[in-house]
Every structure is written in C-alpha cells, then in structure tokens.
Amino acid sequence: MFYLKWKKCINYFKKKIPQSEFNMWIRPLQPKIKKKNFFLYTPNNFFLLWIKEKYLKKIKILVKKYFNIKSSHIKLIINKKIIQISKNYNIKKNENNQENVLKKYKFKNFIIGKSNKLAYQSAYHIAQNPGNFYNPFFLYGKTGLGKTHLLYAIKNSLEKKKYQKIIYIKSEHFVQKMVKSLKNNSIEKFKKYYRSANILIIEDIQFFSYKNRTQEEFFYTIYDLIEKNKQIIITSNCYPTKMKGINERLQSRLDSGLSVCINTPTKNTRIKILIKKSHEKNIFLPYRIIYFIANNFKSNVRELESILNKIQANLLFNKHKNITINLIKKILKDFLQVKKKKITIKKIQKIVSKHYNIKLSELLSIKKNKSIILPRQIAMTLSKNLTKHSLQEIGNFFNKKTHTTVLYACKKIKKLYNKNLIIQKNYNILLKKLSV
C-alpha cells in the first residue's frame with residue numbers, strides 16, 4: 001500500500017516532465033516513513049539541494065494528499081551508504097563490450113535541450129512508424145553532439161519491437177564493401193543486400209565525397225527503398241547541399257525528406273549532461289563545480305565526457321577530500337589552456353569591428369573618434385582578459401600602441417562596465433560570441 005501511494009506521487013512528475021529528467025531526479029528518490037515523519041533519501045548533497053529547489057514544494061503537496069502527512073514532517077535526507085561510495089570514488093567495471101554499450105543508447109536517456117529537441121522528436125516519431133515519416137531522415141551537425149545516440153536509439157527501439165532487416169553501417173565501410181564487391185564481381189549481391197533493408201542507417205555520409213561510383217549506387221538504393229516505403233536514416237557533419245564533392249542529384253534526394261541540425265548544447269543542457277554523466281561514473285560533484293565546467297566548456301558532449309573522465313581518474317588516484325574550483329582548474333589545466341589558445345587578438349578585433357559596425361582598418365587606426373575609441377578600448381580589454389599576451393604585445397596588435405595605452409583602456413572599460421549598463425551588455429555579448 002505504501003509503494004502504491006508513492007507511485008501515485010511520482011506518476012504526477014512522470015506526466016509533467018521529460019522522461020530523461022524524471023529518470024535522473026525523481027526515480028532515484030527513496031521514500032520511508034518513521035514515527036509520522038516522511039523521509040526522502042537522496043544520493044548526495046547536490047542532489048538534495050536540486051530536489052529542494054525544483055520539486056520539493058510539489059512533492060509536499062502530493063505526500064500530504066496521498067499519505068496525510070503534514071508538510072513540516074516531510075524531510076530530505078542524504079543516503080549515507082551512497083555517500084560512502086562517492087567518497088571512495090569506486091568506478092564500476094564495465095564488463096560489456098562495445099555493442100552492449102551502444103545498446104544503452106535509448107530515447108529515455110537522451111538529454112533534451114533547445115539545441116536538439118527537434119532532432120529528438122523527429123527520431124522518436126520515426127522509431128514509432130518507420131517509412132511513413134520524414135523519409136529520408138537526414139541528421140547533421142558537428143561531431144560529439146548526439147547524432148550516434150539518436151541513430152542507435154531508433155535502431156534499439158525497433159529491434160525491441162522485433163523489426164526485421166535493420167542495416168546500420170558507417171559510410172566508409174559501405175565504400176569498402178562496394179569496392180570489394182566490384183573486385184569480386186559480386187556487385188549484384190551487394191545491391192540486393194542493401195536494397196532488401198527495411199531500415200537503412202548510414203553514418204557520416206560526407207565520406208562519399210568525390211566517390212562518384214559509390215554516389216551513383218547509393219542514389220539508386222535510396223530511390224528503390226523510398227519507393228517501397230522503407231526508412232532511410234543518414235547523418236553528416238553538414239547540411240546536404242553544403243557537402244563538397246557530392247553530386248547535385250544525390251544532394252537533392254538527401255534533402256527531399258527532413259533535414260535536422262543538432263547544435264552545440266546550451267548551458268542548461270550542458271549542466272544536465274554533466275549531472276547525468278557524473279552520476280553514471282559514480283562521481284558526485286557540487287553544483288558550483290558542475291556550473292564551472294558547463295560555463296567554461298561549450299563544444300560538445302564528448303568533450304564533457306572526456307573532462308569527467310579526467311576528473312574521475314584524478315579523484316581515484318589522488319583521493320582528494322574536498323573538491324574545489326581550484327582543484328578542478330588544476331586537473332583541467334590542459335583543457336583550459338587549449339581553450340584559451342583558440343581565442344586570438346585578431347579574432348577579437350574582427351568580432352568587435354563587426355559588432356560595432358566599423359571597419360577593421362578604423363579599429364586599428366590612429367583615429368580618435370568616440371565611435372572608434374570605445375570599440376578599440378573594449379577590444380584591448382578583451383585581449384588582456386582572454387589571451388596570454390602582455391600589454392605591450394597587445395599594443396603592437398593595435399598599430400603599435402604603448403603598453404600604458406592598453407592599461408588605460410582596460411581600466412577605463414572596467415570602470416564603465418560597472419556604471420554603464422549598455423557597455424556591460426555589449427561586453428557580455430562579445431564575450432559570448434568569442435566563446436562559441
């Protein structure tokens with residue numbers, strides 16, 4: 001009876017929030033009643049604070065409704081057994097092979113955000129009714145953003161439903177198999193195999209570039225499968241018509257269904273990813289650490305995983321008692337240095353000029369117009385804050401200005417930043433543009 005009541009409580013959240021969010025935050029909660037008190041056990045302090053901030057108000061209403069327990073008697077507690085595991089930094093041994101790892105890619109554990117919501121929804125619809133939605137389905141974006149996860153989520157979902165003849169292949173392997181079939185005079189067998197698929201999934205089709213014979217064969221394979229209402233799913237690093245070395249006829253066919261881009265995850269999405277991945281790795285980081293990582297690393301999911309791997313290894317072998325920002329900066333020193341190197345003074349000058357709608361030559365000139373001096377001083381300040389160049393080196397990039405000129409510019413912008421909301425807003429916009 002107790003768990004039936006609790007199930008009613010959590011079913012509210014199951015209907016109201018995304019499944020991935022439900023699985024991450026609500027499902028792990030462990031309820032218990034002791035002496036008229038209702039206790040909810042959480043894995044760690046960060047988890048507890050998150051539940052308190054986001055869900056506790058509604059949980060109290062539901063518990064009061066189904067258990068008739070006063071709000072003041074509902075308490076969040078940290079589960080000491082779980083805490084002990086996190087303190088020891090035990091790493092679960094992964095005994096599964098690569099294929100089993102890929103089997104874990106499911107829709108329910110895909111972190112959804114603004115950058116990938118349409119891709120997720122489209123992939124989910126295809127998995128429910130293949131061949132009748134968005135055919136071909138073309139998913140594109142930079143590496144490490146979740147394309148492979150969605151492809152395997154479709155594949156795993158369909159395999160669970162006993163869907164027949166699903167072919168999943170990387171484009172370079174497709175090319176290799178085709179070349180081999182041509183050498184062995186077995187091209188007809190090759191054609192028959194791929195054209196008999198109910199679902200054909202090809203990853204990283206940009207590798208077909210300048211391979212005319214392969215492109216021709218693939219074009220007719222697509223044509224044949226679409227005529228039979230068989231589902232085709234393709235990924236690439238860019239939009240179909242932007243791929244170099246792909247003939248127009250194939251580009252047009254690839255773009256005839258639905259093309260969806262997965263973009264770089266937003267900060268909130270990166271926070272969700274870091275929380276989920278860190279829990280999977282059994283490392284429970286304070287929120288300020290999660291926020292620091294999400295705020296400083298903005299490229300892709302794989303980079304975030306790589307960062308967590310480094311933190312995990314360092315914590316395991318060095319057994320730090322307190323996880324601080326300074327410790328994380330030290331652990332991630334190499335990552336941060338590489339990130340910093342990507343921002344150059346020339347890049348800063350170019351972005352500032354464009355933002356203020358002035359010519360780059362004007363920004364670097366000796367002109368003292370107010371409309372040019374302010375952008376120049378902001379560009380100098382950004383150069384000081386975002387690069388490792390000395391004041392004199394920065395001055396040299398600005399038509400051999402002296403180091404005292406650069407220092408004056410930095411002090412001036414710092415003062416204006418604290419007083420002028422417009423300058424503060426523009427400076428923050430430029431920071432955001434430079435961090436992309």
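## Helices, sheet and cores in a predicted model

User: Happy to dig in! How far does helix 20 (residues 370-386) reach from its first C-alpha to its last?

Analyst: This is a predicted model, where local features need pLDDT of at least 70, side-chain atom pairs count only at pLDDT 80 or more, and totals for chains, interfaces and linings use all residues. Residues are numbered from 1 along each chain as its sequence is written, and side-chain values use heavy atoms, leaving out hydrogens and water. Helices (H or I, at least four residues) and strands (E, at least two) are DSSP runs, numbered from the N terminus. With 17 residues at 1.5 Å a residue, helix 20 is expected to span 24 Å (1.5 Å times one less than its number of residues), and its reach is close to that, at 24 Å.

User: Nice. Which elements do the buried residues of helix 7 pack against?

Analyst: Buried means under 20% relative accessible area, exposed over 50%, partly exposed in between (1.4 Å probe, protein chains only). In helix 7 (residues 117-128), the buried residues are Ala119, Tyr120, Ser122, Ala123, Ile126 and Ala127. Contact means heavy atoms within 4.5 Å. The partners are strand 4 (137-140), helix 8 (147-160), strand 7 (231-236) and strand 8 (258-261).

User: Which strands are the edge strands of the open sheet?

Analyst: Two strands pair if DSSP finds at least two bridges between them. The open sheet has 5 strands in the order 5-6-7-4-8, with parallel pairing. Pairing on one side only marks the edge strands: strand 5 (166-170) and strand 8.

User: And what does Tyr140 stand opposite in strand 8?

Analyst: Strand 4 and strand 8 run parallel and are joined by 4 bridges. The residue opposite Tyr140 is Cys261.

User: How many disulfides does a search of the whole structure find?

Analyst: A disulfide is a pair of cysteine sulfur atoms within 2.5 Å. For Cys261, the nearest cysteine sulfur is that of Cys238, 10 Å away, and Cys261 is in no disulfide. The search total is 0.

User: Is Cys261 buried or partly exposed?

Analyst: Cys410, at 9% relative accessibility, counts as buried. Cys261 has 26% relative accessibility, so Cys261 counts as partly exposed.

User: Last one: which helix gives the most to the largest nonpolar core?

Analyst: A nonpolar core is a set of buried Ala, Val, Leu, Ile, Met, Phe, Trp, Tyr and Cys residues joined through side-chain atoms within 4.5 Å. The largest has 49 residues, and Trp6, Tyr55, Ile293, Ile311 and Ile328 touch the most other members. The top contributor, with 6 residues, is helix 15 (residues 301-318).
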